[in-house]
Amino acid sequence: MGDELELERILERYRAAGRILVEVREAALELVKPGNRLLDVAEFVESGIRDRGGEPAFPCNISRNEEAAHATPSIDDESVFEQDDLVKLDIGVHIDGYIADSAVTVDLSADGKHKELISASESALYEAIKVIHDGVSTVEIAEVIENAIRERGYKPIVNLSGHGLARYNSHAPPTIPNVKYEHGHGVILKTNDVIAIEPFATDGGGKVVEGGNVEIYSLIKPKPVRMREAKKLMNEIKKYHGLPFARRWLPRERLNLVLKTLKDTGVLRDYPVLREEDKGLVAQAEHTVIVKEDGCEVTTSSTPKQ
Ligand code: CO
């Protein structure tokens with residue numbers, strides 16, 4: 001019984017993180033408009049999370065067009081949303097380490113030219129959510145996602161997948177692939193597992209590669225380093241508990257050298273921007289769910305019950 005109380009408290013934190021995420025996501029969507037700065041949207045999201053008593057579980061990702069993930073504005077980024085952009089807004093919120101993770105794609109064309117592609121990723125997400133319950137296999141979820149995207153004439157991105165969520169771990173096992181042949185027998189989900197489902201659909205070849213730009217890092221583990229600023233930074237980032245953080249959140253003193261030193265010594269990992277290899281357009285839809293006996297509870301849905 002003590003265990004159940006503890007479980008309920010944990011699930012309540014997952015739900016509270018989800019409620020903050022929904023409010024911030026809906027407000028931020030109003031700002032994703034041609035001419036507005038990406039940096040302003042990212043800062044709006046991150047400060048909106050903190051103002052509501054949460055913390056960002058990772059920097060606000062704003063990936064456009066052939067970028068699929070891991071793009072976030074730099075500290076003095078002047079880039080603005082352009083007419084015709086296809087914008088992925090991927091947001092993470094945590095409370096006490098318990099994470100909500102959700103993404104939406106916005107069509108900034110005047111004639112709705114990205115509508116079908118966005119609808120492919122959204123249908124895949126909603127069809128996946130419908131089959132989730134205690135005992136479902138990740139292979140079955142992957143098959144539903146793949147079929148939904150292919151039926152609409154697009155390809156799923158084979159090397160991006162949904163994932164479990166655990167305390168201070170934004171990519172915990174199991175992997176939820178977006179194509180059925182990738183992962184053999186898969187994993188059976190059980191009641192109260194918390195997972196993020198995130199189908200990516202593209203009109204390109206269906207694979208992402210690393211681009212050059214890096215704005216996001218996370219701590220692998222602290223190690224002894226000589227450089228004073230590197231030592232200082234290592235202390236500074238302990239507060240993220242291993243969750244990803246943005247370069248623009250850090251003190252600027254010799255920052256390029258400090259980050260390079262910590263990366264080279266294996267203290268940090270970096271997250272280069274991921275782009276579709278054929279420069280295909282990419283749409284993403286993502287929700288976090290808690291697996292239940294006969295279904296699942298979506299913690300990041302704007303409608304109260306899924
Ligand atoms: Co995710």
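Helices (H or I, at least four residues) and strands (E, at least two) are DSSP runs, numbered from the N terminus. Our model is predicted: local features need pLDDT of at least 70, side-chain atom pairs count only at pLDDT 80 or more, and totals for chains, interfaces and linings use all residues. Residues are numbered from 1 along each chain as its sequence is written, and side-chain values use heavy atoms, with hydrogens and water left out.

**Exercise 1.** Find where His-70 lies, and decide how exposed it is.

*Solution.* Step one: look in the loop between strand 2 (67-69) and strand 3 (86-95), where His-70 is found. Step two: check its backbone; His-70 is not a glycine, yet its phi is positive, about 70 degrees. Step three: with a relative accessible area of 21%, His-70 is partly exposed (buried is under 20%, exposed over 50%, partly exposed in between, using a 1.4 Å probe and protein chains only).

**Exercise 2.** Do the same for Asp-96.

*Solution.* Step one: Asp-96 is found in the loop between strand 3 and strand 4 (98-107). Step two: its phi is positive too, about 60 degrees, although Asp-96 is not a glycine. Step three: a relative accessible area of 33% makes Asp-96 partly exposed.

**Exercise 3.** Work out which residues the cis peptide bond joins, and place Pro-174.

*Solution.* Step one: the cis peptide bond joins Pro-173 and Pro-174, with omega about 0 degrees. Step two: Pro-174 lies in strand 7 (residues 169-177).
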